[in-house]
Amino acid sequence: MNTTPRSAGADVPSSDSAADELGTSAAQARSAVLEELILKDPGKFRVLTGDRPTGRLHLGHYFGTLHNRVRLQDLGVEMFVIIADYQVLTDRDVADNLTGHVEELVLDYLAIGVDPARSTIFTHSAVPALNQLLLPFLSLVSVAELNRNPTVKDEIAHSRQSSVSGLMFTYPAHQAADILFCKANLVPVGQDQLPHLELTRTIARRFNDRYGNGADVFPQPDALLSNAPLLLGTDGTKMSKSRGNAITLAADADETARLIKGAKTDSERHITYDPATRPEVSSLLLLAALCQNRTPQQVADDIGSAGAAALKRTVTESVNEYLGPIRARRTQYAQDRAYLRETLREGNERARAVADSTLAGVRAAMNSDY
Ligand code: TRP
């Protein structure tokens, strides 16, 4: 692994001000600035991104974040992709079939164009030095701070478990280790991850203040908010695996047709794009538009008064055409389990080398390199 970017450089305006509580609008404004800097000099950025292995990824994931990762990779940004197999232990249902879920995730990554020659795909469990960072990091945050994380609160409220594990409260500090072990300075995320990123920045700042001796051991990474709008599932609520309303990348053309045929619409025949009053129809238009690289209004104008059945035909065709090459690649990779395992083995090895080097720096800074 070559040089480690610290912060993105002197010409990156600092977002480290008291007013910057990373409200969404602040993060959005900052993301626009970052987008320009990425285009100008992709080599200044190192991205850390990832997913919990909960099974197959769907179109909501794809247009929300996955697509953007491949775009960044192809612009020449260095990328680490973590399969968060320790973080996912907060969800007991999923922990039962970890190996299968991890393999599905690697398959999805390869299918959409994550290139293991340029991007490092790895898992928590294979990188001990990353996990070791959690301990000093935990000493830098208070219980009150962990307690008021809105994303964690929300997950607890929606969890079907009878008690809340210690991991549930501490995984955001572990996520800081995911990001900081490779000194990433850019993290493409959805809005729900902003509290975790704010905690990561806090930990980096406090570590530097306490142990840095005037130098920065860790950068304070920026969130890169994607501007992809939210896709609804076939029942009109947010697309999500657990709601059973998702179209997965791996679904075949017939299953896709069946799911879209059953999608909720409304009783108005004339098709218009109006997310506020017609959320279901508008989300279908948006999906077709994303696949066709056009605007939802253009798709709506094409369909006009042909009605919901015509809309669904258009959406089905667009999705199947768009996903065709992705699905073909996925099928091909699925037949080569040895390649999947080799991809992970190599990624884990690269991540371990980076984590070992960071941990060595941390131990030196903390005077614990005996
Ligand atoms: N928390 C993320 C999710 O639930 C997954 C994740 C784990 C992650 N570690 C990360 C995302 C580091 C960004 C950076 O989807």
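This is a short tour of a predicted model, with suggestions for what to select at each stop.

**Stop 1: the ligand and its shell**

Start by selecting the ligand and showing the side chains around it. Which residues surround the ligand? You should find L48, G50, R52, I82, A84, Q87, Q175, D178, I179, V187 and Q193. Sorted by class, this shell holds 5 nonpolar, 4 polar and 2 charged residues.

Now pick out the polar side chains one by one. Select R52 and look for an N or O atom of its side chain, which is 3.1 Å from an oxygen atom of the ligand. Move on to Q175, where a polar side-chain atom lies 3.0 Å from a nitrogen atom of the ligand. Then click on D178: here an N or O atom of the side chain is 2.7 Å from a nitrogen atom of the ligand. If you switch on a surface, keep in mind that the ligand on its own has 360 Å² of accessible area, and the protein covers 87% of it.

Next, colour by secondary structure. The elements that give two or more residues to the ligand shell are β1 (46-51) and α8 (166-180). Which element gives the most to the shell? That is α8, with 3 residues.

**Stop 2: from β1 across to R69**

Stay with β1 and select T49, which sits in this strand. Is T49 buried or exposed? With a relative accessible area of 4%, T49 is buried. Show the side chain of R69 as well, and you will see a polar contact of 2.8 Å between the side chains of T49 and R69. R69 is one of the buried residues of α2, and that helix comes next.

**Stop 3: helix α2**

Select residues 59-75, the 17 residues of helix α2. How far apart are its end C-alpha atoms? They are 22 Å apart, and this agrees with the 24 Å that the helix should span at 1.5 Å a residue. Turn the helix side-on and look at T65, because a kink of about 40° is centred there.

Now show the side chains of L59, Y62, F63, L66, N68, R69, V70, L72 and Q73, which are buried in α2. As you look along the helix, remember that an α-helix has 3.6 residues a turn, so residues three or four places apart point the same way. Just after α2, select G76, whose phi is positive, near 105°.

**Stop 4: two residues with a positive phi**

Most residues other than glycine have a negative phi. Two places to check against that background are K183 and N367.

Select K183 in the loop between α8 and β4 (186-189). K183 is not a glycine, yet its phi is positive, about 55°. Its relative accessible area is 15%, so K183 counts as buried.

Then jump to N367, in the segment after α14 (337-365). N367 is not a glycine either, and its phi is positive at about 60°. Is N367 buried or exposed? Its relative accessibility of 64% makes it exposed.

**Stop 5: helix α10**

Finish at A257, in helix α10 (residues 253-261). A257 has a relative accessible area of 28% and is therefore partly exposed. Select K241 too and draw a distance between the C-alpha atoms: the pair is 18 Å apart in space and 16 residues apart in sequence.

Terms used
Residues numbered from 1 in each chain as written. Predicted model: local features only at pLDDT ≥ 70, side-chain atom pairs only at ≥ 80, totals over all residues. Heavy atoms only, no water. Helix = DSSP H or I, 4+ residues; strand = E, 2+ residues; numbered from the N terminus. Expected span 1.5 Å × (residues − 1). Bend = angle between axes of the 7 residues up to and from the residue. Buried < 20%, exposed > 50% of the residue type's maximum accessible area, 1.4 Å probe, protein only. Near = heavy atom within 4 Å. Polar contact = N/O pair within 3.5 Å; in protein donor to acceptor, adjacent residues only side chain to side chain. Areas by Shrake-Rupley, 256 points an atom, 1.4 Å probe, with all protein chains shown as cover. Nonpolar A, V, L, I, M, F, W, Y, C, P; charged D, E, K, R; others polar.
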